[in-house]
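Student: I would like a close look at one helix and its surroundings. Could you walk me through it in one go?

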Amino acid sequence: MSVPPASTSSPLTVSGIATPESSDANRQVYQRLKLAFALGLRRQLFLAVCDDTVRSNVLAAQLQTELNQQALLQSLQLDLANPNPLTQIRGVLVSSGDSLTPRVRSQPRGLQLLGISALTRGSATSQWAFLKHLREIPAAIASLDVSLIFWISRPWLHVIQQSAPEFWQHCTGVFEFHGEPNGQAAPMRPTTPPPRSSPSRQSPKRIPPPPVWKHVDAALVRSILATRQEFDNIDPVALLNQIDRLHEGKANSSQLAERYQHLGNRYRERLEGDSPSQGCARVAIQLYRRAVQLWQLDPNAAERSLASLNEIGTLYWLLSKSQPREGMLRDLDASLTAYRQGLSLLDSQTQPQIWATLQHSIGSVYADLARVRQSPKEWKRSIAAFEAALCFHSPDTDPQQYAALQNNLGTAHWSLAQYEDAPTHLQAAIAAYAAALDYYSCDRDELNYAMLQNNLGTAYWTLSQQTRAPECLHLAVAAYREALRYRTPDRFPAGCAATQNNLGTAYWHLAQQQQSDPPTAKAYLEQSIAAYETAIEVSESLQSLTFDRLATFNNLGLALDRLAPLCDRSSALTLLQRAMDCHLQAFRGWRDRPSRAKTAVDAIARTVRLCYDLGGIEAQSRAFSQLPPALLSEVMQKSRFGGSSI
């Protein structure tokens, strides 16, 4: 959705400010990990996957800080000289247990293991010793009575799947964060295991004959069979057959729910890979729904039911991203239903963090619904959910989530301002963005800090169109320039291009307000042109943009048109030649969008008229010679008689 253009004294005006942006996509993964641990379920094995070692250390430290408000989570570095995590875990539990008070002893306890990626630089013997000890953990975790988080890189994830299947099969969840390799986690070198500890060579597995299904739902069986080939390391049909046998043996509802949940997790983890499958997501939802149905039979399993409902809501939300409009609405409504059902199981006073997390997710789903339906009603509900979540997110104990909430609240207010009571909601958006900036540090989280500055600039720009206050435009420019200190072409080209586009538009409007002061107007127009040119250059090879690049071409042409009368004749004609090129570029790209194409034609006619005003009939003739034959008569009429859009 683009920002409506301002009404100015000139009927031709620039437009196309990029919509404020949502918080980092890693937030969803982090929240899933935090929620999974915060539920307090013991003897869980989690894998947190991130190729950026610095980012993983920051996330682990943040997780420990936030969870220690309600649970005891300790961190330890893997001993590279003796990579036996089980020995280290037991040592930490023994030493910490001696000093724990009875109150702390009753709290959920967990450990997160860091430094595993550094084993990549170790010897083959060390690597295989670590994998051997890893295979021993599932058998030992019952006696440890503790949950474990292993922070690893993607190469190690693949190695664990292949070489530590006992550990892999018992993993409760895999959480993959986005991050570029930073040189500290190089791909594992191809090695062969030491001769005495190498696993025996196995012959290829023979797929057993299809089982006879007696108790598992037929629709679920068909879904599992249809997605069987998605897996390399497990056979989901065999796991489903185990569930069928548990039904046959009259297992209790909790035992059955555990197995459905476990198989659902395997399908959920398949989505974290390089080529996620929508089919796997749909199957995971079926399995989680069955788990919820069974856990509802156990009055003590509300927390486990909540975990499955949260996964269902997240999966539907993820699926909505790749659906056409009707499918997107169905998936978003289903996501909302799951999150609300989970919320109904919670008491905000006794479980405030989890309650706030679900409210945050509900607010995000309402925001997506509002974008699809173009409805202020959903934006109001999104704001209500974000504000409810903020009541239980303290900036002192949970600064990152507090800041993410404030950013999303600001974007919801900005969006609602496009429908009603614009000044009030824009002021609320500015206040929310400013509150978020108090907790995003430019030296610790540059990209989110820059995103917030960009969003703040957009809120000030939009407010300037309502109030005609130059100070709002100056504040917008200051915010955009601050964002561009960190949104550089090499680090974040898409963000850099969007902010440069926004900066160009802000300078354009400053120039419009200075028409009585030609030198100042000229300086602002030159700044506008420079910003638009940078946006076009940086975005040339990008596939996904938050602004209309063709509109940027057209806006650049308009700025060149405005600058031309303020220059000498020779420079003016050169500027108009460049403007014509920009408008034609926009026209060619907008051929299949009639209303947009008309905007470009009006701009072309204006440029032709300026050529005549500043260079006479010869300059106008040269301009006409550039036009496609199909445009010639229309532009000649508009430029001669000053059509309605000029």
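Tutor: Happy to; here is helix 22 with its cap, followed by the chain as a whole, the largest cavity and two buried residues.

This is a predicted model, in which local features need pLDDT of at least 70 and side-chain atom pairs count only at pLDDT 80 or more, while totals for chains, interfaces and linings use all residues. Residues are numbered from 1 along each chain as its sequence is written, and side-chain values use heavy atoms, with hydrogens and water left out.

Helix 22 covers residues 549-563; helices (H or I, at least four residues) and strands (E, at least two) are DSSP runs numbered from the N terminus. Its 15 residues should span 21 Å, and the end C-alpha atoms are 21 Å apart, so the two values agree; the expected span is 1.5 Å times one less than the number of residues. Twelve of the 15 residues are buried, so helix 22 is largely enclosed by the rest of the structure. Here buried means under 20% relative accessible area, exposed over 50%, and partly exposed in between, with a 1.4 Å probe and protein chains only. Among the buried residues are Phe 553, Asn 554, Asn 555 and Asp 561. The buried residues of helix 22 pack against helix 20 (493-512), helix 21 (518-538), helix 23 (569-589) and helix 24 (594-625), where contact means heavy atoms within 4.5 Å.

Now for the N-terminal end. Asp 548 sits in the loop between helix 21 and helix 22, and caps helix 22 with a side-chain oxygen 3.0 Å from the backbone nitrogen of Leu 550. The side chain of Asp 548 also makes a polar contact with the side chain of Trp 590, at 3.4 Å. A polar contact is a pair of N or O atoms within 3.5 Å; within protein, one must be able to donate a hydrogen and the other to accept it, and residues adjacent in sequence count only if both atoms are side-chain atoms. Leaving aside neighbours within four places in sequence, Asp 548 is in contact with Trp 590, Arg 593 and Arg 596.

To set this in context, the protein chain has 25 helices and five strands. Of its 646 residues, 56% are buried. Among contacts with a separation of 6 or more, 73% join residues 24 or more positions apart.

Next, the largest cavity. Its lining includes Gln 28, Arg 32, Tyr 339 and Ser 361. Helix 1 (26-38), helix 12 (302-320) and helix 14 (352-373) each supply at least two lining residues, and the largest share, four residues, comes from helix 1.

Two buried residues round this off. Leu 63 lies in helix 2 (residues 53-67) and counts as buried, at 0% relative accessibility. Not counting residues up to four places away in sequence, Leu 63 touches Tyr 30, Leu 33, Lys 34, Leu 73, Gln 112, Ile 149 and Trp 151. The C-alpha atoms of Leu 63 and Leu 73 are separated by 8.4 Å, with the residues ten apart along the chain. Val 146 lies in the loop between helix 5 (124-144) and strand 4 (147-152), and is buried, with a relative accessible area of 1%. The C-alpha atoms of Val 146 and Leu 111, 35 residues apart along the chain, are separated by 7.4 Å.

Notes. 1 Å grid on protein atoms, 1.4 Å probe; cavity = no way out; pocket = protein on both sides within 12 Å on 5 of 7 lines; lining within 4 Å.
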